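User: I would like to go through the ligand site and the other spaces in this protein. Could you take me through them?

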Amino acid sequence: MKLIRATDYQDMSRKAANIISAQIIMKPNAVIGLATGSTPLGLYAQLIDWYRKGDIDFSQVTTVNLDEYRGLPRTHDQSYWYFMHKNLFDHINIKPENVHVPNGMASAETAGAEYDALIEQAGGIDLQLLGIGSDGHIGFNEPGSAFELGTHCVDLTEKTISDNARFFASIDEVPKQAYTMGIKSIMQARKVLMVVNGVNKAEIVRQAFFGPVTPEVPASILQMHPDFTLIGDAEALSHI
Ligand code: GLP
């Protein structure tokens with residue numbers, strides 16, 4: 001694991017955007033795995049800025065997002081499809097056909113296998129971006145998730161539902177299930193990059209990356225990934 005210490009949120013965002021940008025410069029048709037949540041917003045804004053200045057070209061890039069709420073159509077303003085378009089895709093020259101987010105309206109029987117086949121056909125993920133949930137989840141792989149799963153349907157924990165309630169009108173509107181790439185899909189990415197900021201993530205960062213590898217802390221498996229980089233701001237790294 002490579003640990004990169006950033007001073008603050010902006011510094012974390014710029015460092016992470018630099019790594020993604022370098023990946024695209026080195027391989028213009030790279031497959032980039034993307035994440036939602038508030039943590040990557042700064043790095044998406046940075047990528048948009050560099051695209052506008054002519055420094056990055058997304059015309060050959062393919063993206064695969066980690067997860068999507070089950071039951072939300074793409075048009076719902078809390079769907080991850082909507083989030084990604086609003087915060088990144090609508091502002092860069094990525095081809096719409098190269099953008100992939102699990103389909104929240106697909107049937108649970110077929111959604112996972114279809115998404116895994118799509119990733120495989122694209123040639124696998126070159127660089128997977130991740131945030132971390134306050135209970136150690138990555139994508140929507142909650143504590144106790146089997147490490148060997150591909151994309152599948154999950155029941156969200158109470159903690160995740162309450163963490164994400166801030167984006168919905170009320171907690172009752174937060175979907176109770178999601179489709180997520182599994183730990184296996186994430187571990188198969190050639191590079192993994194995690195961004196984390198804020199003091200409320202400090203304890204889970206300590207447990208995940210400086211404690212034992214256990215399904216109870218899903219992100220801890222990343223200690224075993226051959227090319228994993230963690231970029232944290234000073235607050236998120238304050239317990240290590
Ligand atoms: C959601 C997403 C995760 C993300 C997490 C943390 O649960 N499925 O991919 O890492 O939120 O979000 P935030 O960055 O807002 O703390």
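Analyst: A residue counts as near a molecule if one of its heavy atoms lies within 4 Å of it. This is a predicted model, in which local features need pLDDT of at least 70 and side-chain atom pairs count only at pLDDT 80 or more, while totals for chains, interfaces and linings use all residues. Residues are numbered from 1 along each chain as its sequence is written, and side-chain values use heavy atoms, with hydrogens and water left out.

User: Which residues are closest to the ligand, and how many surround it?

Analyst: The ligand is surrounded by 14 residues, and Ser38, Thr39, Asp67, His137 and Lys201 are the closest. This shell divides into 3 nonpolar, 8 polar and 3 charged residues. In this classification Ala, Val, Leu, Ile, Met, Phe, Trp, Tyr, Cys and Pro are nonpolar, Asp, Glu, Lys and Arg are charged, and the others, Gly among them, are polar.

User: What polar contacts does the ligand have?

Analyst: A polar contact here is a pair of N or O atoms within 3.5 Å. An oxygen atom of the ligand lies 2.7 Å from a side-chain N or O atom of lysine 201, and a polar side-chain atom of histidine 137 is 2.8 Å from a ligand oxygen atom. At glycine 139, a polar backbone atom is 3.2 Å from a nitrogen atom of the ligand.

User: How much of the ligand does the protein bury?

Analyst: The protein buries 93% of the 390 Å² that the ligand exposes when taken alone. These areas come from the Shrake-Rupley method with a 1.4 Å probe.

User: Which pocket does the ligand take up?

Analyst: The ligand occupies the largest pocket, meaning that more than half of its atoms lie within 2 Å of the pocket's grid points. On a 1 Å grid over the protein atoms alone, a pocket is an open set of points with protein on both sides within 12 Å along at least five of seven lines, a cavity is a set where a 1.4 Å probe fits but cannot get out, and lining residues have an atom within 4 Å of a point. The largest pocket holds about 740 Å³ of space.

User: What lines the largest pocket?

Analyst: Its lining has 34 residues, with Gly37, Ser38, Asn164, Arg166 and Phe167 nearest the centre. Helix H3 (80-87) is one of the elements supplying at least two of them, and H3 has the largest share, 5 residues. By class, the lining has 12 nonpolar, 15 polar and 7 charged residues.

User: Changing topic, what is the volume of the second largest pocket, and which helix gives the most to its lining?

Analyst: The second largest pocket contains about 220 Å³ of space, and H4 gives the most to its lining, with 3 residues. Residues along this lining include Asp116, Glu120, Lys184 and Arg190.

User: How many cavities are there of 30 Å³ or more?

Analyst: The search of the whole structure finds 1, and the volume of the largest cavity is about 60 Å³. Among the residues lining the largest cavity are Ile20, Leu34, Phe58 and Thr63. The lining of the largest cavity has 11 nonpolar residues, 1 polar and no charged.

Conventions. A polar contact is a pair of N or O atoms within 3.5 Å; within protein, one must be able to donate a hydrogen and the other to accept it, and residues adjacent in sequence count only if both atoms are side-chain atoms. Grid points are joined across faces, edges and corners, and a volume is the space filled by probe spheres set on the points. Helices (H or I, at least four residues) and strands (E, at least two) are DSSP runs, numbered from the N terminus.
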